[in-house]
Amino acid sequence: MTATISEERAPVPPPPGPPGPPSGGHPLAEALSTVRSALSQVADTRCWSLPDQELAEAVDQAQLATSQLDELRLRLLTEASGRDPGVGFMATSTAAWLAARHRIDRREAAREVRLGRALDVHHELTRAALAAGRVNAEQVHIIVSALSRLPVEIDPETRDRAEAWLLEQGEMFGPEDLRRLGRRIYEVIDPEGAEAHEGRLLEAEEERARAKARMWMRPDGDGSTHGGFCIPDAQAEMLQTALNALLSPRRRTEGLANGAESPTVSTTPRDADLDGRRLPYEQRLGLALCELIEHLPLDKLPQAGRSTPGVVVEIDYQALLTGLGAGTLSSSGRVSASEARRLACNGGLLPMVLSGESVVLDLGRSERLFTRQQRIALGKVQGGCVADGCDRPPAWCEAHHCAPWTAGGRTELANGALLCGRHHHLVHSGGWVVDVADDGVPELVPPARVDPLRRPVRHRRFRLRQRE
């Protein structure tokens, strides 16, 4: 069955044509026609011939004109909102008419109509400042929002004083700073009671934020899942802080290979993988979130029944041994054998190893994982991730078996190497190999595509120790 939903829409006129000369009608119509005509005359004029000073002044003039046009537009919308939209515009509301006529989002159209009414009824000072170009439309939204949070019992004279103060700040500060100042506007009115007033506002704001908390995820069917969330600011800042710690710029030491006595630290932020590719910020943020998830303390989460929450991967023994093939997660999702091996190193997955006859051979032997004491010892000896250029501390690293556990490698200090989640992934799926040198220091051996000679790379912290 197919359901058809129809919605009454205002007729959409064709795009306006080139402006003509002033028609001798209403002064507002004449002014707008003159402005459009003047702008059309310079529509194809190139800006390269403007000297620097004139260019800066032209940008200033354009900004002033934009503010003036924004004020006029809001004034016109206010007038339109006071008329019957069904009679004058054949629409259900002024916002619906505006959204259809100008092809803009309906919520934004409603926001503009509300702002125009607020300026016309309550905020004449702000309207005049916008018309004079003292503030811009974004600042006006912030000022009106800040004033709307003031208690209703405040007398008009005090409210005007607060509005004038915010307008003064708007001539010096941009939207971000002005928003912070607007949140503390009560200090201008009642310095002694400002703290208590802000506390009440924040409590109400936090309650609304918790009520709005949402999260959703949807598998894309191509090995990735996308989603979104809405959480309170405090928790968002906690998450941002954790991700920023994982995104800290790599410190690059230069000059060691040239016989320099001491390393020099590059001032250029660098966050590249072992192949030297620099990743976009959004991608690094996503990978940092993956790393954060992999280090969640599952043993501290609430238990379902009597079992600790965890993800089980069902995998054939030969696939786990060779790293070729795939495994099935408890959620019926699929992961490659190499990814299963990487996550199993850190206990992120519990492998259920099957023989060819689907008989369970192993369900995560305890000796497969390095113990807490062994991880502490590795952290003391290795100091963090052993991939050269990486500064992940031991707490954010995973203990990797240099000689694979599936190939008989022992879970002991001599066979362990600390790798952060990102470099651990590259070792398991990027062709890199961790080898223990004769002096017991783990080194990364690059694939032939990176270095045809496959020369081992030792972390500079070990090279520095040798020089001391």
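This is a short tour of a predicted model, moving from the whole protein to one helix and then to a single histidine.

**The whole protein.** Start with everything shown as a cartoon. You will be looking at 18 helices and 13 strands. Colour by burial next: of the 468 residues in the protein, 33% are buried. If you turn on a surface, its accessible area is about 29,200 Å², with 56% belonging to carbon and sulfur atoms. For a contact map, take the contacts with a separation of 6 or more; residues 24 or more positions apart account for 52% of them.

**Helix α5.** Now select residues 106-121, which form α5. Try the distance tool on its end C-alpha atoms: they are 23 Å apart, which agrees with the 22 Å that 16 residues should span at 1.5 Å a residue. Then zoom in on the start of the helix, where Asp105 places a side-chain oxygen within 2.9 Å of the backbone nitrogen of Arg107.

**The buried residues of α5.** Show side chains for Ala109, Glu112, Val113, Leu115, Gly116, Ala118 and Leu119, which are buried. As you look along the helix, keep in mind that an α-helix has 3.6 residues a turn, so residues three or four places apart point the same way. What covers these buried residues? Add α2 (52-81), α4 (94-102), α6 and α7 (137-148), which are among the elements that do so.

**His123.** Finally, select His123, in the loop between α5 and α6 (124-131). Is His123 buried or exposed? His123 counts as buried because its relative accessible area is 6%, under the 20% cut-off. Beyond its neighbours within four places in sequence, His123 is in contact with Ala118, Val144, Leu147 and Glu163. One of these, Ala118, you have already met among the buried residues of α5.

Technical notes. Residues are numbered from 1 along each chain as its sequence is written. This is a predicted model: local features need pLDDT of at least 70, side-chain atom pairs count only at pLDDT 80 or more; totals for chains, interfaces and linings use all residues. Side-chain values use heavy atoms; hydrogens and water are left out. Helices (H or I, at least four residues) and strands (E, at least two) are DSSP runs, numbered from the N terminus. Buried means under 20% relative accessible area, exposed over 50%, partly exposed in between (1.4 Å probe, protein chains only). Contact means heavy atoms within 4.5 Å. The expected span of a helix is 1.5 Å times one less than its number of residues. A polar contact is a pair of N or O atoms within 3.5 Å; within protein, one must be able to donate a hydrogen and the other to accept it, and residues adjacent in sequence count only if both atoms are side-chain atoms. Accessible areas come from the Shrake-Rupley method with a 1.4 Å probe; for residues, only the protein chains shown count as cover.
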